[in-house]
2 protein chains.
Amino acid sequence: MSPFVDSLNRARDRTNSLVCVGLDPDVDRFPEHLKSGNDAVFEFNRSIIEHTSDLVSAYKLNIAFFEVMGARGYEVLERTLTVIPEEVVVICDCKRGDMGNSARMYAKALFEHFGFDAVTVNPYQGRDSVQPFLNYTDRGVFILCLTSNESSRDFQHLSVNGHPLYIEVASAAESWNTARNAGLVVGATQAESLAEIRAVSPDMPLLIPGIGAQGGDLETVIRAGADTSGGGLLINSSRSILYSSGGLDFAECARAATLRLRAEINTLLP
Amino acid sequence: MSPFVDSLNRARDRTNSLVCVGLDPDVDRFPEHLKSGNDAVFEFNRSIIEHTSDLVSAYKLNIAFFEVMGARGYEVLERTLTVIPEEVVVICDCKRGDMGNSARMYAKALFEHFGFDAVTVNPYQGRDSVQPFLNYTDRGVFILCLTSNESSRDFQHLSVNGHPLYIEVASAAESWNTARNAGLVVGATQAESLAEIRAVSPDMPLLIPGIGAQGGDLETVIRAGADTSGGGLLINSSRSILYSSGGLDFAECARAATLRLRAEINTLLP
């Protein structure tokens, strides 16, 4: 077992949870009492983390919501990372995809400077764009396979070599995965394709966004996506947890929503 | 003509140049006298800009080389942007690709906060991942079509609907381009495919990296890629310009290399 898969399993065993909370801090959706603060995004993140870190295998930080504040947003990102407990897996949802020296720089930035445990990457440029990330064999690399948006049909579902492009990507990822530190991103709204992806990648960790606000079906996801041990999944929820209350009790409500999602998942597991 | 295409044409007419200089500031390749400075990357960028801005249509800033420094790198990026003359087109080479709210946040970050004139985006997630960028109709959106790396063969060359995936992408981009602010990224090492892409996208601006260090052939690029007016191209060079000298004269040598490339391109134009 690779160090990355091992860290996922340990996080799951410790928390009895396949939940990944997506930290997408959107100031417009913050409770009123936080909105006016000087350091609202950091305070929001810290509260959410304090109230949920014993219930989740992972956090997924969506870089877009930090980048929108420019350099200051990346500074808030750096500070947010310092308040996440060591044992929680921290995924950078940045969907990086570049080649050669640029890919090496991104990998160095995200794994060495920021210290993320895992990243999401885009496969469009092929193996040599992903390899610099995979070379960090103690970290995880979730490769976009099939995304939860409507327009995923534009290219990902096109037929190549007798199967959809997303199967070609899954199968390529499997062949690149010599250090067993690759995973796939598969949107929960695409649950009907999950079994097909699992058949190609029987033991690759799957990061599943799209539960909750985007309407993915949890039962289908778990039935089709769980690996033979009943794990191998991280089920991400962002908005449904972060913004379950718009009041002073937002963090307590986020905790309650995380508890509910954890229980719901565990009931459905084989 | 769209405001973006118009700004490209004005930049070309003003400088008589299709050159785009890629600002990939790699401290390891800096001249010795700069390496030790507190603000080496900014000083390097400023010198390069001061010595080349009258000779280029555009700068392309590769975010990887800033991100490697973390939040501080984004702060250097912000200051670098303030020293680029208004009339030069400034492209953010960030290859963003995400959906929904995340894509909107990225577009807001790059166009509103940083104020870039154009960005590069990844098409893998389809139209709704690109649309939030295209919605800024006065800015440009260069969609990755066919990249210059070896592994572009992994997916971009696969046959879909009777043609390679990159043609499907070019043709989709053409159909999304209702505000005429989309362009394509096509690697110079793929010059043999350029004519085919031009046939699908006869007047879309092409951003062409891969000249110089990566070995793309300039003559083939221009013959196959120029539009009917002899323009419609931005030919990017990064390392061959930035690091043409490792001494005190690095900026003067960058200017000389830019002048040579401009002349070489202009000789080849129809």
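What percentage of the 270 residues of chain A count as buried? The figure is 56%. The model is predicted, and the legends below take its parts in turn.

**View 1. Chain A, overall fold.** Chain A carries 13 helices and 10 strands. Its radius of gyration is 18 Å, close to the 18 Å that the globule rule gives for 270 residues, so chain A is as compact as a globular protein of that length. Along the principal axes, the C-alpha atoms of chain A fill a box of roughly 55 × 45 × 35 Å. Among contacts in chain A with a separation of 6 or more, 73% link residues 24 or more positions apart.

**View 2. The barrel of chain B.** Eight strands of chain B form a closed barrel with parallel pairing. The order is β1-β2-β3-β4-β5-β8-β9-β10. Neighbouring strands of this sheet are turned by 30° against each other on average, direction ignored.

**View 3. Strands β8 and β9 of chain B.** Strand β8 spans residues 182-186 of chain B, and strand β9 spans residues 206-208. The two strands run parallel and are joined by two bridges. B:Val185 has B:Leu207, in β9(B), as its bridge partner. Strands of a sheet pair through backbone hydrogen bonds, either parallel or antiparallel.

**View 4. The nonpolar core around A:Ile143.** The largest nonpolar core has 183 residues. Those with the most contacts inside this core are A:Ile143, A:Cys145 and A:Leu184, along with B:Ile143, B:Cys145 and B:Leu184. Neighbours within four places in sequence left aside, A:Ile143 is in contact with A:Val121, A:Pro123 and A:Val130. Its further contacts are A:Val169, A:Ala173, A:Ala182, A:Leu184 and A:Val185. In soluble globular proteins, nonpolar side chains tend to be buried together.

**View 5. The two copies superposed.** A turn of 180° and a shift of 0.0 Å along the axis lay chain B on chain A, with an RMSD of 0.0 Å. The two copies are thus related as by a two-fold rotation axis.

**View 6. The interface between chains A and B.** In this interface, 46 residues of chain B are in contact with 46 residues of chain A. Several elements of chain B each supply at least two residues of the side that touches chain A. Among them are the helices α4 (64-67), α5 (71-82), α7 (127-134), α8 (152-155) and α9 (165-176), and the strand β6 (159-160). The largest share, seven residues, comes from α6(B). Of the interface residues of chain B, 100% are also interface residues in chain A, so the copies meet through the same surface.

Conventions: Residues are numbered from 1 along each chain as its sequence is written. Chains are lettered from A and ligands numbered from 1 in the order in which they are written. This is a predicted model: local features need pLDDT of at least 70, side-chain atom pairs count only at pLDDT 80 or more; totals for chains, interfaces and linings use all residues. Helices (H or I, at least four residues) and strands (E, at least two) are DSSP runs, numbered from the N terminus. The radius of gyration is taken over C-alpha atoms; the globule rule is 2.2 Å times the number of residues to the power 0.38. A residue is buried if 20 or more other C-beta atoms lie within 10 Å of its own, exposed if 12 or fewer, and partly exposed in between; C-beta atoms are placed from the backbone. Two residues are in contact if their C-beta atoms, placed from the backbone, lie within 7 Å. Two strands pair if DSSP finds at least two bridges between them. Axes are lines fitted to C-alpha atoms, for helices over the stretch in contact, and angles run from 0 to 180 degrees between N-to-C directions. Copies are superposed by least squares on the C-alpha atoms of residues with pLDDT of at least 70 in both. A nonpolar core is a set of buried Ala, Val, Leu, Ile, Met, Phe, Trp, Tyr and Cys residues joined through C-beta atoms within 7 Å.
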